[in-house]
Every structure is written in C-alpha cells, then in structure tokens.
Amino acid sequence: MQRRDFLKLCGSAGLGLAAPVGLSPISRVEAASADSSNYDGPYYVVFNASGGWDTTYLMDPKGINEMNRLYKEGDILTQGQHRLAPNAAHIESGMSNENFFKKFGDDLLVLNGLDYSVNNHSPCSRYMATGKLDSLAYPTFAALIAACQGADAPLAFLTFGNYSSTGNLVPMARVPYLNSLNKLANADAVNGVARSRYHDDFVIDRIESALQEQMNARVSQVRLSRVERSQSMLYAAQLNSKALERVTPYVPKSSPKERLSRQADIALASFKAGVCVSANLNIGTFDSHANNDVDQMKLLPELLAGVDYLIKRSEELQIREKLVIVIQSEMGRTPKYNKNNGKDHWSIGSVMFMGHGIQGNRVLGATDEKQFLVPIDPKTLLIDEDGGIRVRPEHIHSELRILAGIEDHKFSKQFPLKVPDQERLTDLWG
Amino acid sequence: MQNVHDNSKRVQVFAATLLLSLATLWQINVVTVSTAFGDEESQQPSDAPSKADHKGPMCFVVDNFFADEVWAKVGERTCLKCHNAKGDASESTFLLRDPSRDRLNRAVAMQHNRKAFARMASAMEGDKSRLLQKIVGNLDHGGNEVLKVDSTGYQILDRFVHRTNGTPDNGPAITDYDAPPFFDGVEMISPQRLLRRVTLSLAARLPSKSERAEVNQDGLKAVDVILDQVMQEDAFYERLQEAFNDILLTHGYDGVAEGALSYEHFKSRLWYQDRDPRKGLNEEEKKELPYSHPKMIAYTKLIREYREGMRREPLELVTYIVRNERPFTEVVTANYIMVSPYTSRGYGIYEELVDKFKDSDDPFQFIPTKINALQNRNGRTAQESPTGFYPHAGLLSSFQYLKRYPTTETNRNRLRVRMYFQHFLGIDIMQLAPRVNDAAAITEKYEIPTMQASDCVVCHKVMDPIAGLFQDYYVVDGKGIFGPRKDGWYEDMFEPGLEEENLPAEERWRSLQWLGERTAKDPRFAVAMVEHVWYILFGRRPLLPLEDIDDPLFSAKRRAYQVQRSEIERIADLFAKAEFNLKVVFKELVQSSFYRVDGLAVAAKDPRRKAELDDIGVVRLLTPEQLERKLTALFGQEWGRLTHRESKFKILYGGIDSKAVTERMTYPSGAMGAIQRIMSNDIACKNVALDFTKEPSHRNLFPNIELNVVPGDGPDADAQIRQAIVHLHEHLLGREHSVDHPEVERTYQLFAGIVSDAKATQGIEKIGSYSCDRVDGKRLDDLHYTLRAWRGVVTYLLRQHDFLYE
C-alpha cells in the first residue's frame with residue numbers, strides 16, 4: 001500500500017503519518033527531512049497573560065478618572081498609530097512599553113474594546129482560546145490550526161499552560177524542558193547516545209515494517225470508533241516521533257532563565273525542525289486583585305520581553321516571516337482600584353497581533369473614558385456607537401481561521417463559530 | 001444603593017431557576033425516550049443497559065418528535081427554566097415538569113409536558129399558534145423574545161404546531177432510523193480478558209492461576225467474587241489514592257506539606273527539627289555531617305516521609321472509608337481525620353495515640369482520630385466548640401483540602417464553592433457561563449452586582465451562601481487555614497446557608513458539618529461519586545449533554561448520552577441502597593456493558609448508529625503510573641523512568657503534578673511516541689537476555705524455548721517458535737491467539753526475518769550486544785542471532801496498542 005493511500009485510510013483519525021519506513025535509519029532521516037510532514041509554516045504562537053492583564057497599562061492607556069496611579073492622561077505616549085502607557089520608569093526588568101512599541105509598533109495590530117462577555121477566569125480563558133463561550137468541546141485556535149495543517153507533525157500542538165482543549169482533533173504535547181527534546185530525539189539509542197543503538201538497523205526496519213503491515217491490516221477490520229482512532233493516533237505518534245531527530249540541531253546549548261524565553265526556545269526549535277505548527281506560551285499570574293501596579297509592572301514587561309525574545313530568536317533561525325503571533329489575556333482589570341490597591345476582573349479588554357499576513361501600525365476598536373466598550377462597524381472597523389457591534393472572541397477567531405486558510409476545513413466546520421456575515425471583521429488583518 | 005429587598009422575589013425566582021437549571025444543564029438525570037413517532041401507546045425496549053442487558057418494557061409513551069426535537073432541543077433547555085412551579089413563569093398556565101428531577105415519574109412528566117405543549121400549539125391567537133407567538137416575544141411574553149423566527153428551535157416548534165393541528169409538516173422526515181437496542185452488534189470482552197484488565201488496572205498484577213481457573217469455570221460470576229478480593233489488596237488502595245488525587249488534586253497544595261498546619265495553632269508542626277543531627281552543632285561540626293552522611297540521609301528521609309504523609313491525609317480518608325466499607329458520604333461528614341505516627345506529631349497528638357499505632361515508626365500507617373478545637377500559641381481558645389473537638393466534616397474541613405483551594409479577599413471562598421460543587425455534586429458551575437449583554441456595564445451599574453443584578457444573582461444566590469459556610473476558614477496569607485475574617489463576614493454577600501435554608505446561628509461553629517450532612521442527602525452526591533469511579537475506570541469523564549441542536553446527529557449523540565446517563569443513575573441508586581459502599585460502584589461498573597465493550601460484530605454503517613457508538617469501549621491510554629505498574633507486573637521489576645521523583649518523562653508522557661499540570665493527556669503526541677519507543681527498546685534490553693538465563697520454569701517471557709531453536713530448521717522448530725510467540729502475545733498483550741492467528745504469523749515473520757537478515761549481513765557478531773545482552777557482566781552467546789531477534793520481537797510487542805492501552 002502506498003503511503004498516500006494509507007494516509008487516506010487513516011484519515012478518519014484526523015492524523016496522518018510522517019516518516020516512511022523500510023529505509024535505513026540514515027536514509028530515513030533524510031527522507032523525513034524532505035517529507036511533507038516537515039511543516040514549513042506559518043507557525044502560530046499564542047502568548048497568554050494568564051489571570052487578566054491591565055490593558056490600561058499597555059495598549060489602551062487612560063490616565064484619567066483615577067484609573068492609573070503611575071501616569072496621567074498627559075503622559076500617554078504615541079508610536080505611529082499606537083497609544084501606549086509609559087512604564088519605563090516603573091519597571092525593574094523585562095521590556096518597557098516604550099521599547100516594545102518602538103521596536104514592533106509597525107508590525108503590531110491592536111484591537112481595543114474586546115468583550116469577553118463574562119468575568120470569571122475559567123469561562124473567559126476558554127472563550128478567548130476557542131472563540132466559543134458555552135462549550136467545553138471546542139478546540140483552541142492553536143489546536144485547531146495544528147490539526148488542520150500539521151497533524152502528522154510529532155509536536156504539532158505544543159502547550160505550556162492555559163486552556164488547551166484539542167477537541168480530540170490532535171494530541172497536545174507538553175515539553176517542559178529543553179533537554180527533553182534531545183533525549184527524545186534518539187529513542188532508538190541507549191541513553192540517547194546515537195552511536196550506541198539498542199538494535200541493529202535492519203532489526204529496527206523490520207519492526208517498523210511489521211507495525212506498518214499490522215496497521216494496514218487493521219484498516220479493513222471492523223473496529224470500534226475509539227479503537228480505530230486510538231490505533232491510528234498511536235501509530236502516528238510513534239512513527240512521527242522519528243522526526244524529532246530533526247530538532248536536535250536547533251536546541252540551544254543553554255537555556256535562558258526567563259519563563260517565556262524557555263518556552264519560546266522549545267517552540268522555535270520545533271518550528272524550525274518542521275515538527276510543530278502552533279504553540280501556547282503562557283505566563284501568570286496577572287490576577288492582580290492586590291497591588292495591581294506592582295504586579296502589572298513586573299509581568300507586562302516580562303510578557304513583552306518574551307515576545308521580543310521569540311522574535312529575536314526567530315530571526316536568528318530565519319523563520320520570523322513565518323510567525324503569526326497572538327498576544328492575549330482572558331480578561332481585563334477594573335477601571336478602579338479596590339481597597340487593596342488591586343484591580344478586579346473586567347469583562348472588557350484588548351488583544352494584539354503581529355506577523356505573517358497582518359498589517360501593523362493599526363489600532364482598531366476602543367474603550368471610552370470609563371473603560372466601557374465602544375462598538376465598531378464591522379465593515380469599516382471604525383467606531384460606530386449606535387449601529388456597531390460588540391467585538392467578541394468569536395469574531396476574532398472567525399478571522400483567525402480565515403487568516404490561516406482553514407475556515408472551510410472539515411475540522412473548522414465541525415466546530416462552527418456562527419458569526420453572521422454582516423458581523424464579519426473582513427478587513428481585520430488589513 | 002438599590003434596595004436589596006426590592007429584588008427579593010426576583011432573587012428567589014432566579015435562585016429557583018438556577019437550581020432547576022443546574023439540574024437541567026448539567027443533566028443530573030435525563031429522560032430516556034425511544035419510541036416510534038406517532039405510536040404513543042406502543043411498547044418499546046428501553047435503552048438502559050444493565051448487567052443482564054435489560055430489555056424490559058418501554059419507559060415512556062411520548063412520540064419521538066416531541067421527545068427528541070421539541071423537548072430535547074427547545075423545551076428542556078429553553079422553556080423549562082422559567083415555566084416550572086418555582087420559576088419566573090410559575091404563575092403561567094403553561095407549566096412544565098422536569099423529568100430529570102424525578103426518575104421514577106419521568107414518563108408521567110413527559111406526558112404532562114407534551115400535553116402542555118400541544119395545548120399551547122393548538123391555541124390560536126388570530127391565525128397563529130400562541131406557542132409560536134409567545135416564543136418570539138409577542139402576547140406579552142414575560143421572557144420576551146426567546147427564539148428568533150429563523151432559529152432551529154422556532155422551526156421545530158413550527159413543525160410541532162403543524163403536527164398537532166393536523167396540517168402538513170414540510171420538514172424532513174426524522175423517523176427513518178429505527179434505532180436498535182443500544183448494545184446490539186457490540187461484542188463484549190471475554191471474562192478472562194476482563195479479569196486481566198481488572199487485576200492489572202486495580203491491583204497492579206496479573207490474575208493468579210486459581211483466579212483464572214475460577215473464571216474458566218464460572219465466567220463473569222467469578223469476576224464478581226474476585227473483585228471482592230482485589231478490593232482488599234493494598235495495591236487497590238494505592239490505585240484509589242492516585243485516582244482520587246487526579247480528581248481532588250490535594251497533593252498539589254502550595255508550599256511545604258506541613259504548611260497545612262498553621263504556625264498559630266500547631267506548635268509541633270516542625271517536630272522533626274528536634275531530630276536534626278546538626279542541631280546544636282557549630283559551623284565546623286556541621287561540616288562533618290554533609291547531606292551524604294547516613295545520619296543526614298536518615299533525617300531527610302524522615303522529613304520527606306512526614307511531608308508525604310501530610311499531603312496524603314485526605315486520600316487516606318478516602319481509602320479508610322472504602323477499605324472498611326463505610327458510607328462514602330463520610331468524605332463530607334467524617335467526624336475524624338486520618339493521621340500517621342509522623343503527622344500526629346505535627347498535630348501534637350502523637351502521645352495520645354501512640355498505643356493505637358501498630359508500628360509507631362511506620363510513616364504511612366494511618367488511623368482515624370479527632371483533634372481538639374484549635375487553640376492559639378498562647379493557649380487561648382481560637383475555635384469555639386461545645387464538644388471540645390474540631391468539627392471535622394470529612395474533606396470539607398480538611399486542612400489540606402482547604403489549603404489546596406485557598407480563599408482570597410476577592411474570591412471570598414468562591415473557589416471552594418466551585419470545587420465543592422465539582423467534587424461532591426458533580427456540577428461544574430463554570431461550565432456554561434451565562435453570557436450577559438454587557439458584563440462591564442452591570443458591574444458598574446450596581447453597587448453590589450452579585451446581590452442586585454439579576455444576571456449575577458442567578459449564580460451568586462446559590463454560591464455565596466455556601467461560601468459563607470466556610471467563613472471561619474479564612475486565612476488569606478497562606479499561613480494557615482482556620483480563622484475568621486478580621487472585619488467579620490461580608491455583608492454584601494447572601495447569608496450563609498444552602499439553597500434556601502439559612503445557617504442557624506447555633507450551628508455556626510460546625511457550619512461545614514452542617515453542609516456535609518445536607519450534601520450527603522443530596523441525590524446528586526451519589527451520581528457524582530459514580531461519575532468519579534467512571535473516570536477512574538475509563539480514564540475519561542462521562543459524556544456531557546449535547547449543546548448544538550443544529551448537529552444533524554443530535555438525536556443519536558443524545559441517545560448515547562442518555563444511555564450512559566441511565567447506567568450511571570442505575571448504579572447511583574444501587575450505591576445509595578448499599579449505604580454508599582463505594583465498592584458496589586466499582587463492581588457494578590466493571591460488570592456493566594460499557595466497561596465490557598470489546599468490539600463490533602459488524603460495522604455500523606448508518607452515521608446515526610456510528611454516532612451512538614462513537615464513545616463506547618474503555619480504550620484508554622495508560623498513564624505513566626499505570627504503565628509502570630504494568631511493566632512491573634509483567635517483567636517482575638520496575639522500569640522507573642516514568643515515575644521516579646526525578647523523572648522528566650512523567651509530565652512528558654502526559655502525567656500530572658497536581659498543581660500546574662492537572663489534566664492527564666489521553667492522546668499520544670510525538671513526544672509520547674518517542675517515549676514509547678525508548679520504553680520498548682529499554683525494557684526488551686533489560687529483560688530478554690536475563691530471562692533466557694533463568695531456569696525455564698522461572699521465565700516470564702520464554703518458558704518453552706531456547707536460543708538454539710532457529711526458524712526454518714524444520715516443522716518442530718517452527719512450531720516451537722510459534723508457541724513461544726503465542727505465549728508472548730498472551731503474557732504481554734493479554735491476547736489468547738491460536739498458533740495460526742494472523743498476528744502470530746506476523747510476529748513469526750518478524751522473528752524469522754530478523755534472523756534471516758542477520759544471516760545475510762556480513763560482520764554480525766556471534767555474541768549478544770554489549771548494551772543489552774550482558775548478564776552478570778558477561779555477554780551472552782548468540783550464535784544464530786535469535787537472542788537479538790527475540791529482543792526485537794519483545795520491542796515490537798511493547799509498542800502495540802494492546803500493550804499501551806487498557
């Protein structure tokens with residue numbers, strides 16, 4: 001049976017297969033490198049500020065009505081079309097807003113006035129990640145794009161936290177340590193030492209052939225759906241895992257200490273090796289019910305530094321142009337401080353995008369002086385307080401699917417977002 | 001500030017609505033209907049499975065269209081929320097009954113509802129049915145517009161009106177699918193394989209010879225008896241603890257383990273420091289005692305075991321209840337805690353208990369006891385208690401449980417309420433967060449939105465009284481558990497209580513006991529516990545109710561959900577009747593059709609039938625812990641790389657740390673595929689040569705063959721090899737294949753092919769490999785390459801679905 005036919009037969013599992021078998025280990029690696037399973041982008045990265053960020057200290061500055069103690073309205077800075085809260089004077093580490101917008105403003109699309117609709121962490125996280133508020137079944141965008149475009153990649157969907165439901169479309173992969181990738185890369189070698197192999201090459205080839213024959217035979221057997229899916233997934237997982245050999249050259253020798261940078265290194269090495277489509281990068285905890293300004297001034301610069309690191313490293317790996325980056329949080333923070341100098345949950349917030357196919361230096365949507373959402377005309381994307389719509393996660397996700405070219409994929413249709421045509425943000429990406 | 005009392009009636013209505021909607025949305029019970037359209041009086045088989053594959057008389061006499069379309073897609077999820085006796089529309093003549101609230105009278109309730117709908121459908125207002133007018137907000141409908149004219153729900157009601165009034169219904173036929181009995185055409189696992197699955201899953205061992213003989217003789221009946229034995233074994237309780245930690249996550253509370261005991265109330269929580277070998281030594285003397293010194297090794301072991309025991313206490317309560325067949329309701333009512341010789345020292349009660357411990361040096365021997373009401377370090381009373389004891393209420397009052405789910409000044413115990421609902425009533429209150437038009441505006445508009453804004457009140461009326469029951473466990477700095485809020489309990493929250501019952505003042509000191517007693521009587525408790533055991537046995541939670549009424553397979557998926565739900569409820573009823581003995585749940589579920597599903601006799605061609613059967617079968621990827629135990633059971637020695645404390649593979653292979661990573665992965669990623677390859681290579685490496693060096697009668701893997709038996713050396717040799725393969729398939733995969741089975745043939749071809757390749761390859765050594773085929777430092781001879789070929793065979797088998805899945 002040809003590999004293509006076999007893939008077709010296994011299609012019901014939503015997973016494909018990668019490296020061809022029956023070749024010597026060396027030629028197998030070479031073949032794997034040239035194989036279609038070597039996913040070549042775009043690569044999708046979702047940065048998540050877990051806990052709820054204070055957008056008024058980043059891309060939606062206010063400085064009025066005692067909303068911000070660290071600056072006044074007159075202190076607000078601009079960079080191109082962007083307005084930003086000044087914070088360079090208040091941070092001890094990480095990247096300031098000033099530097100971030102200066103460096104990336106031209107690439108950055110900001111949407112202010114996003115309606116999360118509720119203000120609890122759990123449903124908001126789910127809503128922002130999937131575009132669907134009232135379902136536990138929907139996959140996150142990162143999982144969906146991985147399933148649609150690279151399910152035969154061994155680490156198609158990497159996650160480091162946040163809501164990570166896959167909709168049973170694609171396995172999620174957790175790789176918490178960089179050096180884990182090295183260990184996994186040489187699974188057929190004793191202790192991962194390439195020169196010391198468990199079996200002679202022809203034994204490995206025989207084993208792989210037997211497993212493939214077994215899988216071929218099963219395709220025509222009457223099986224339970226769960227058995228059918230799990231057998232295909234298992235076979236794909238083992239076979240695709242061989243492609244991890246390609247990751248090793250891109251694993252940095254040392255690991256940075258910053259949380260997001262470590263996650264970014266794992267994601268980038270996997271992207272570059274063609275074994276990964278999407279990654280959820282995550283830091284917490286932004287949930288600053290007490291001492292809001294202290295927490296946000298620590299975490300926002302850390303978040304921005306993480307984005308900066310990812311982009312810098314992606315340039316070194318020559319894949320920057322293939323990145324699509326979403327920077328989000330599951331909620332905003334109230335316009336007022338509470339008595340603990342904190343800010344509580346707020347159902348209005350912002351989201352930022354940059355990368356492949358996204359026109360930067362743009363700010364869409366708005367919040368008013370009390371941090372309430374201002375509706376926009378979905379066609380012109382301009383403020384329309386009377387006839388506009390409240391932009392919600394499903395609007396964003398609907399456009400993300402279009403940006404990724406998966407809006408008509410069967411997996412997308414399996415999880416419809418049902419945004420009416422008249423509410424589509426057709427020019428969101430510019 | 002808006003007058004709270006102005007809202008009181010509305011609040012009551014919303015609270016009643018929430019209680020109803022909790023039952024409805026989370027489907028505590030759901031009506032099971034499987035009758036043919038238009039045949040209201042016909043007798044139909046029930047879908048509900050049972051141990052005897054029940055095919056009893058029909059349960060309901062309501063037509064399919066009403067049950068599957070009108071009720072399932074509109075009535076229960078839209079109308080019922082208000083149009084019930086306690087709802088917003090309680091004064092309406094269109095009153096519905098909730099079939100899920102009363103399992104015994106579902107049919108009657110459904111009949112009642114159908115009649116109510118039919119009356120509304122046939123009542124005309126002008127030229128249009130009142131039903132269709134009301135639903136779009138006309139005729140002063142109190143709920144305003146509920147459905148839009150172009151919605152699926154409206155179309156369903158429109159069809160119902162046509163059907164009721166005898167006018168043509170232009171909708172598509174929905175009755176061309178004659179659903180067979182649910183498990184029709186589904187093959188069940190053989191009793192022998194069921195036995196193996198159960199002993200491996202619950203007791204980390206293979207079945208004994210005598211158990212196999214019993215099952216050979218008595219079939220499933222014998223499994224029932226053996227289960228009683230299995231559930232007395234220590235390994236079962238280790239499994240139970242691990243499984244309940246997956247659910248409760250109590251291992252993952254923040255900080256050091258003894259942090260569960262506050263500085264203020266437990267002077268002796270750091271008792272181990274008195275045993276520090278370095279205590280009292282000067283810096284120079286301390287250098288003489290590095291951590292590698294035996295005294296320091298013993299000391300750190302003591303601390304580690306104390307901490308492990310401390311974290312384990314809530315799970316020890318679970319195992320104590322089950323082991324002693326006490327009512328499992330004690331998880332919320334037990335007026336005791338479990339302590340070990342080590343943890344009792346932390347509580348300062350060791351001296352009182354020392355005689356009760358069989359071995360006072362065993363850090364993991366746990367006994368039940370009570371602790372006294374808490375006192376401050378200065379000896380003053382910290383906790384009022386008429387009995388003089390801490391008011392234990394099972395897990396609800398457990399320091400560890402409360403520390404795992406701490407309170408803050410903003411969540412005000414609401415996290416605990418969420419977990420209370422999830423763990424003990426099976427309700428995820430964050431599952432279906434109701435959308436409001438503008439949550440931010442509501443927050444701004446009301447001074448106390450949670451008490452005044454109807455959108456918020458609907459949940460907070462239920463949650464906040466329970467949060468108030470935890471009010472005395474309100475230490476927010478993470479340095480303890482017990483202690484009321486300094487400024488008194490919040491006045492901007494509904495009064496402490498449960499549902500519509502306020503906590504009496506005289507019960508305040510034992511508020512969690514008060515909560516636990518009521519929880520134990522709640523019918524949702526039994527269902528939730530069955531769902532927990534389902535999760536333990538199946539590795540996934542039961543199906544959720546359907547959400548998308550536009551799904552063309554809605555009815556089929558709903559049927560799958562309903563049949564599963566019926567089984568869970570059946571077992572919940574038995575569980576309650578058996579005085580909440582959790583072992584009954586394990587036994588019933590293990591013997592249920594759902595757990596025994598093994599395959600299909602014929603392929604399901606109709607997409608609706610496929611959808612019905614989509615989720616059946618255990619088919620569970622083994623967790624790192626389960627895989628380790630299986631390896632140990634089959635090979636007689638642990639591998640360790642998946643579960644050791646320093647193992648990096650545990651999380652990579654989908655395990656949890658109970659803190660940041662709390663959900664197990666159920667589908668293998670490429671990273672997990674790589675670990676499977678490492679495992680299969682390494683296990684074969686460590687065991688094949690070793691096995692061949694043992695006396696044949698002591699071998700696990702190769703009791704009936706030697707390395708000098710070479711494929712192609714004649715019929716006897718080939719037969720012997722095939723027999724050896726049959727043994728390996730049985731031992732490693734649990735498959736009883738005949739010698740001519742295609743899978744045996746495939747394995748034979750693999751073995752023979754490897755030997756043949758080796759023969760054809762120049763430079764192959766006649767001795768086993770340095771890395772794998774050494775025993776006692778000596779490489780074994782491998783003249784024919786059979787040793788290495790068998791190692792290849794074992795590697796191949798360990799990568800199989802039959803091995804890696806349950």
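Start by selecting Gly405(A): this residue follows helix α11(A) and has a positive phi, near 75 degrees. Helices (H or I, at least four residues) and strands (E, at least two) are DSSP runs, numbered from the N terminus. The model is predicted, so local features need pLDDT of at least 70 and side-chain atom pairs count only at pLDDT 80 or more, while totals for chains, interfaces and linings use all residues. Residues are numbered from 1 along each chain as its sequence is written, with chains lettered from A and ligands numbered from 1 in the order in which they are written.

**Helix α11 of chain A**

Step back from Gly405(A) and select residues 393-403 of chain A, which form α11(A). Of these 11 residues, 9 are buried, so the helix is largely enclosed by the rest of the structure. A residue is buried if 20 or more other C-beta atoms lie within 10 Å of its own, exposed if 12 or fewer, and partly exposed in between, with C-beta atoms placed from the backbone. The buried set is Pro393(A), His395(A), Ile396(A), His397(A), Ser398(A), Glu399(A), Leu400(A), Arg401(A) and Leu403(A). To see what covers them, add elements including α4, α5 (141-150), β11 (348-355) and α12 (410-414) of chain A.

**The sheet of chain A**

Keep β11(A) on screen and show the sheet around it. Its 8 strands run in the order β6-β5-β7-β1-β8-β11-β4-β12, and the sheet is open with mixed pairing. Two strands pair if DSSP finds at least two bridges between them. β6(A) and β12(A) (362-364) stand at the edges with a single partner strand each, so one side of each has no neighbour in the sheet.

Next, select β8(A), residues 323-329: 7 of its 7 residues are buried, so this strand is largely enclosed by the rest of the structure. In a regular strand the side chains alternate between the two faces of the sheet. Colour one side by Leu323(A), Ile325(A), Ile327(A) and Ser329(A), and the other by Val324(A), Val326(A) and Gln328(A); both faces of β8(A) are covered.

Which strand pairs with β8(A) in the parallel sense? That is β1(A), residues 43-49, over 7 bridges. In this pairing, look for Phe47(A) opposite Ile327(A). β11(A) pairs with β8(A) in the antiparallel sense over 4 bridges, and here Val326(A) stands opposite Phe353(A).

Move along the sheet to β5(A) (157-159) and β7(A) (278-283), a parallel pair with 3 bridges. Thr159(A) has Asn280(A) of β7(A) as its bridge partner. Then add helix α9(A), residues 259-272, which lies across β1, β5 and β7 of chain A and runs at about 175 degrees to β7(A).

**Where chain A meets chain B**

Now show both chains. The contact takes 63 residues from chain A and 63 residues from chain B. Two residues are in contact if their C-beta atoms, placed from the backbone, lie within 7 Å. On the chain A side, α4 (121-130), β6 (172-173), α6 (178-185), α7 (201-219) and α8 (225-240) each supply at least two residues. The largest share, 10 residues, comes from α8(A). By class, the chain A side has 35 nonpolar, 19 polar and 9 charged residues. Ala, Val, Leu, Ile, Met, Phe, Trp, Tyr, Cys and Pro count as nonpolar, Asp, Glu, Lys and Arg as charged, and the others, Gly among them, as polar.

**Two helix pairs in chain B**

Two packed helices are described by the angle between their axes and the distance between the axes. Axes are lines fitted to C-alpha atoms, for helices over the stretch in contact, and angles run from 0 to 180 degrees between N-to-C directions.

Select α9(B) (234-248) and α11(B) (294-323): they pack at about 125 degrees, with their axes 9 Å apart. α9(B) is therefore oblique to α11(B). Angles under 35 degrees count as roughly parallel, over 145 as roughly antiparallel, 65 to 115 as roughly perpendicular and the rest as oblique. The contact of α9(B) with α11(B) has 8 nonpolar, 3 polar and 2 charged residues.

Go on to α29(B) (715-733) and α31(B) (786-798), whose axes come within 10 Å and cross at roughly 40 degrees. Show Leu728(B), Leu732(B) and Leu733(B) of α29(B) against Val793(B), Leu797(B) and Leu798(B) of α31(B), which make the contact. These divide into 6 nonpolar, no polar and no charged residues.
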